[in-house]
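The following explanation leads the reader through a few selected features of one structure. Please keep the sequence and the structure in view while reading.

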Amino acid sequence: MNGTPDPDEFRAEARRWLKSVATARPERREWGRGDDSVAVFENWTQAEERAHTDRTRAWERLRHDQGWGALAWPAEYGGRELPPYYEQLYRAEEAAFDVPRRTEIFPVTQQLVAPAIRIWGTDEQQRRWLRPMLRTDELACQLFSETEAGSDLAAVRTRAERDGDGWILRGHKLWTSGARVATWGVAVCRTDPEAPKHAGITVFLVRMDAPGVTVRPIRQMTGGASFNEVYLDDVQVPDSDRLGPVGQGWRVTLTVLAAERLDSGSLGLDNADRALDLARHLSRTLTGGERQQAADLFVRALVQRLIGLRVTAALAAGREPGAEASVGKLHATATMRATTDLVQQLLGPSLAADTGAWGTYAWTEHLLGAPGYRIAGGSDEIQRNILAERVLGLPKEPK
């Protein structure tokens, strides 16, 4: 297809292609049958995570090779140079088909790390990494958070010290999704401890199978271990794997974080829909308060989808949707809380008792997992600061 197709024509062509390679989902989910999981974070063994990753990889490679991946990228990377919002148009069509669900490692690789390499990488790095990452031959995780730093990423203590033509990395990273299946980790490191906090930081891409890299799952209160801690013990990294200038790592990091917020506005919508289905199929009549809660959740989910359209509209206009993305992230976490509140009211004690009944005890994984998204992808407090300072023009609080 030459040039930019009409959006309706593009969606129609996407539907035709999807019908040729995938099975359409039923228009309405059958209540009471099938998988009743509403987990916010996966509860998998390492073998299960790797098997799902391999299935998703196979699908992403098929998409890429047949011209439906990397839509906004140049042809040299397998793309079609379409406007960025065409990816959302494609995803809307793909949602109607039974294809592997993308776990966090895939958007991190394709939508966060690859664009950062395109901006900050050398020509050689772009040739080496971009196409393999967009095709998911290589997967990348984020080695950002640390115990002492919390949400203050600029306070990282992981050190990178010069060693001839390379670097030696020593430190400890937390809350890393996908570390068990990633081939690369994007590590934010301090290279100049004497520099101001936001200076003296440098970013590296680290082989996750390199000597000195140790990945340990973190058991969560949901029972799962979808996050990991990563130890870097005298890990040797060549200077060719440094991303961006020495000491300019904070700017590189901000590039990744800005892209992260764009992908957070759709969080929890499927579970909100499931909670409303629960209200419709409850074996008793809803109370007035429960009907009000269900109506509130319905409206919240609708507004969240509208915010997603505003993000898409900003991209279509060639504008960075920073404010819309922050509002979307805040609204998504509020929707997840409203989902939990409704389910607690509807199920009562059966939420906490594993009776084997379909669609009851499974909600504990949502109840225990949803609060984590107040921190993930930039804490709610950080998003409010962004809106206060960059939209309302309020001054920063004095230190």
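**Backbone features and a helix pair**

Asp 234 is found in strand S7, which spans residues 227-238. The structure shown here is a predicted model. Within this strand, Asp 234 has a phi near 55°, a positive value in a residue other than glycine. Its relative accessibility is 44%, and Asp 234 therefore counts as partly exposed, since that class lies between the 20% limit for buried and the 50% limit for exposed residues.

A positive phi also occurs at Glu 81, where the angle is about 55° although the residue is not a glycine. Glu 81 is located in a loop, between helix H2 (46-65) and helix H3 (86-94). Because its relative accessibility is 54%, Glu 81 counts as exposed; the cut-off for that class is over 50%.

Helix H3, at the end of this loop, leads to the next topic. Two packed helices are described by the angle between their axes and the distance between the axes. The axes of helix H1 (residues 7-21) and H3 come within 9 Å and cross at roughly 40°. H1 and H3 are therefore oblique to each other, and the crossing in which H1 passes H3 is right-handed.

On the H1 side, the contact is made by Pro 7, Phe 10, Arg 11, Ala 14, Arg 15, Trp 17 and Leu 18. H3 contributes Tyr 86, Leu 89, Tyr 90, Ala 92, Glu 93 and Glu 94. Sorted by class, the residues in the contact of H1 with H3 comprise nine nonpolar and four charged ones, with no polar residue.

Key
Residues are numbered from 1 along each chain as its sequence is written. This is a predicted model: local features need pLDDT of at least 70, side-chain atom pairs count only at pLDDT 80 or more; totals for chains, interfaces and linings use all residues. Side-chain values use heavy atoms; hydrogens and water are left out. Helices (H or I, at least four residues) and strands (E, at least two) are DSSP runs, numbered from the N terminus. Buried means under 20% relative accessible area, exposed over 50%, partly exposed in between (1.4 Å probe, protein chains only). Axes are lines fitted to C-alpha atoms, for helices over the stretch in contact, and angles run from 0 to 180 degrees between N-to-C directions. Angles under 35 degrees count as roughly parallel, over 145 as roughly antiparallel, 65 to 115 as roughly perpendicular and the rest as oblique. A crossing is left-handed if the near helix is turned anticlockwise from the far one by less than a right angle, and right-handed if clockwise. Contact means heavy atoms within 4.5 Å. Ala, Val, Leu, Ile, Met, Phe, Trp, Tyr, Cys and Pro count as nonpolar, Asp, Glu, Lys and Arg as charged, and the others, Gly among them, as polar.
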